[in-house]
Amino acid sequence: MTTPDGSGLLSPGLGYVDGRWTAADDRRTFPVTDPATGKVIAEVPRMGAAETVRAIRAAEAAAPAWRRLSSGERSRLLRAWAALMIDNQQELARLLVREQGKPLREATEEVRYAASFLDWFAEEGRRAYGEVIPPGLPGTRMTVVMEPVGVGACITPWNFPIAMITRKAGPALAAGCPIVLKPAEQTPLCALAVCALGERAGIPAGVFNVVVGDSEDAAVIGRELTTRPEVRKISFTGSTAVGSLLMGQAAGGVKSVSLELGGNAPFIVFEDADLDLAVSAAVSAKFRNAGQACIAANRFLVADAVHDDFVAELARRAGALRVGNGLDEGTDIGPLIDAAAVRKVGRHITDAIGRGASLVVGGGPHSLGGTFVQPTVLADCPLDADICCEETFGPVAAVTRFSDEAEAVRSANDTPYGLASYFFTRDTGRVWRVSEALQTGIVAVNTGAFSSPVAPFGGMKQSGLGREGGHEGIADWLESKYVCHGGVD
Ligand code: ADP
């Protein structure tokens with residue numbers, strides 16, 4: 001399959017509704033660009049309300065048959081889909097780089113990670129057990145069966161444009177829920193490529209639909225997805241502002257909502273930490289995907305005693321990272337997604353320096369131009385700087401000193417967000433105390449990498465509702481039905 005421009009982007013570059021590749025009703029399209037070159041790589045349909053309603057109806061129509069399939073049959077289809085993703089990982093990864101910008105190595109990891117959600121939930125679907133309760137009323141038997149919540153609407157972001165789809169589609173489909181997906185306008189081609197592989201795997205028409213549109217279409221599509229009565233669940237990953245808007249829209253129909261929103265992850269290094277380990281973890285937790293991750297370390301809180309050593313080593317490692325086109329061998333950091341992202345990074349750096357932070361390495365746009373930015377380290381950054389209060393989504397590490405454990409924990413929790421936190425220590429008592437004290441859905445102790453389909457991923461506070469991954473991930477797509485059988489004795 002190729003896109004209309006013949007560039008071989010794994011799908012026809014059209015939306016996918018009820019098992020058919022479809023253009024927008026009015027034939028309008030929008031351009032998808034490569035952030036590394038600024039060049040247009042494909043034109044994709046601008047779909048709107050009518051196409052979205054058709055996709056919702058197709059999902060609704062497909063629901064009874066999909067739900068009636070045996071769990072083993074749904075599992076087989078999901079595993080076939082995962083296998084096709086692995087078979088096509090090189091092509092998918094290259095497409096991901098062209099559309100999103102991350103280095104090819106990271107893109108390949110993402111494709112494998114994405115396929116692992118389909119594999120994991122293929123199995124979880126077979127184990128979505130109900131229960132038999134010792135009867136609480138005379139003459140009865142009490143059972144609980146787990147049922148699919150119904151048609152789901154999934155809205156996904158551009159930063160992990162493949163994994164964020166399978167992390168939703170895997171549990172939804174395994175649970176028996178058909179879905180309508182609206183991928184981010186920056187990365188529709190990845191979504192359509194994943195969809196094309198799902199079609200090849202044999203996912204039936206109507207079970208997985210993709211409605212694509214430009215940024216101006218997002219609100220129109222989003223309104224249908226959140227207000228149509230056929231849709232019973234919204235699963236969203238993106239900004240807190242849009243998540244809260246969608247939650248408000250879904251409230252009218254009392255729909256189930258799962259939200260994976262923004263973060264402001266603290267990364268705490270205590271004086272007894274293994275500094276080499278902490279710095280290596282800092283490099284990956286901060287600079288992976290050029291810092292464009294909701295779990296990216298956003299505030300480095302470092303004990304006075306080790307602050308200078310940590311900063312010096314982090315700056316050395318950051319300065320050595322190679323910035324470039326993600327397709328080039330040896331690239332560690334690709335371009336940011338767009339010019340607005342570059343402006344935000346620039347604003348955060350200027351604001352921090354204006355408030356007294358010192359620039360240790362990097363500091364602004366990269367000589368490659370476009371949306372390439374230098375990996376940057378700032379030291380002695382005051383905690384009221386914008387960079388410590390907002391999600392930076394760029395390759396800038398802001399380091400702040402602290403003097404004791406209580407102060408570190410207080411600062412770490414001083415944010416409306418609560419997605420991920422990281423801390424480094426060799427004191428086992430402190431591992432327990434600090435893990436318990438941190439108000440985040442994920443706590444990484446002595447590691448910078450924790451994402452896995454087997455574990456629950458999600459936030460506290462304004463970072464979201466619900467969990468994706470683990471056995472919790474499928475629970476969000478199931479509803480328990482209590483069946484009370486009377487007149488038995
Ligand atoms: P980001 O700032 O990371 O782009 P957004 O929350 O704006 O995060 O976008 C995440 C997803 O939400 C994208 O698919 C985007 O198109 C979609 N989106 C943005 N605004 C709306 C809206 N008003 N209704 C529905 N979806 C939206």
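Let's start at T440, which touches G418, L419, A420, S421 and M460 once residues up to four places away in sequence are set aside; contact here means heavy atoms within 4.5 Å. This is a predicted model, in which local features need pLDDT of at least 70 and side-chain atom pairs count only at pLDDT 80 or more, while totals for chains, interfaces and linings use all residues. Residues are numbered from 1 along each chain as its sequence is written, and side-chain values use heavy atoms, with hydrogens and water left out.

T440 sits in the loop between helix 14 and strand 19 (442–445). Helices (H or I, at least four residues) and strands (E, at least two) are DSSP runs, numbered from the N terminus. With a relative accessible area of 9%, T440 is buried; the word means under 20% relative accessible area, while exposed means over 50% and partly exposed lies in between (1.4 Å probe, protein chains only). The side chain of T440 makes a polar contact of 2.8 Å with the side chain of S421. A polar atom of the T440 side chain also lies 2.9 Å from the backbone oxygen of I442. A polar contact is a pair of N or O atoms within 3.5 Å; within protein, one must be able to donate a hydrogen and the other to accept it, and residues adjacent in sequence count only if both atoms are side-chain atoms.

From T440 we can step to N413, 27 residues away along the chain, with 8.3 Å between the two C-alpha atoms. N413 is one of the buried residues of helix 13 (residues 405–413), along with E405, A408, V409, S411 and A412. The cover over these buried residues includes helix 14 (428–437) and several strands: strand 12 (265–269), strand 13 (297–303), strand 16 (396–402) and strand 20 (460–461).

Strand 16 also helps us find T392, which is placed in the loop between helix 12 (386–389) and that strand. T392 counts as buried because its relative accessibility is 1%. Beyond four places in sequence, T392 touches N298, K344, V345, H348 and I387. Another buried residue is D351, at 17% relative accessible area, and its place is in helix 11 (residues 339–354). With the same sequence neighbours left out, D351 touches A385 and D386.

Now for the nonpolar core, a set of buried Ala, Val, Leu, Ile, Met, Phe, Trp, Tyr and Cys residues joined through side-chain atoms within 4.5 Å. The largest such core holds 156 residues, of which W81, M85, F208, F267 and F310 touch the most other members. Helix 6 (residues 188–201) gives the most to this core, with 10 residues. M85 is in contact with L92, V111, A114, A115, L118, I162, T166, V194 and L197, leaving aside neighbours within four places in sequence. F267 and F310 turn up again around A278, which touches both of them as well as V269 and F424, residues up to four places away not being counted. A278 is in helix 9 and is buried, with a relative accessible area of 0%.

Next, have a look at the ligand. Its shell has 17 residues, and T156, W158, K182, E185 and S239 are the closest; a residue is near a molecule if one of its heavy atoms lies within 4 Å of it. An oxygen atom of the ligand lies 2.6 Å from an N or O atom in the E185 side chain. A backbone N or O atom of T156 is 2.8 Å from a ligand oxygen, and for a polar side-chain atom of W158 the distance to a ligand oxygen is 3.2 Å. On its own the ligand has 560 Å² of accessible area, and the protein covers 79% of this; such areas come from the Shrake-Rupley method with a 1.4 Å probe. Helix 7 (215–227), strand 10 (231–237) and helix 8 (240–251) each supply at least two residues of the shell.

Finally, two loop residues deserve a look at their backbone. Most residues other than glycine have a negative phi. V254, in the loop between helix 8 and strand 11 (256–260), has a positive phi near 45°. A290, in the loop between helix 9 (275–287) and strand 13, also has a positive phi, about 55°. V254 is exposed, with a relative accessible area of 65%, whereas A290 is buried at 3%.
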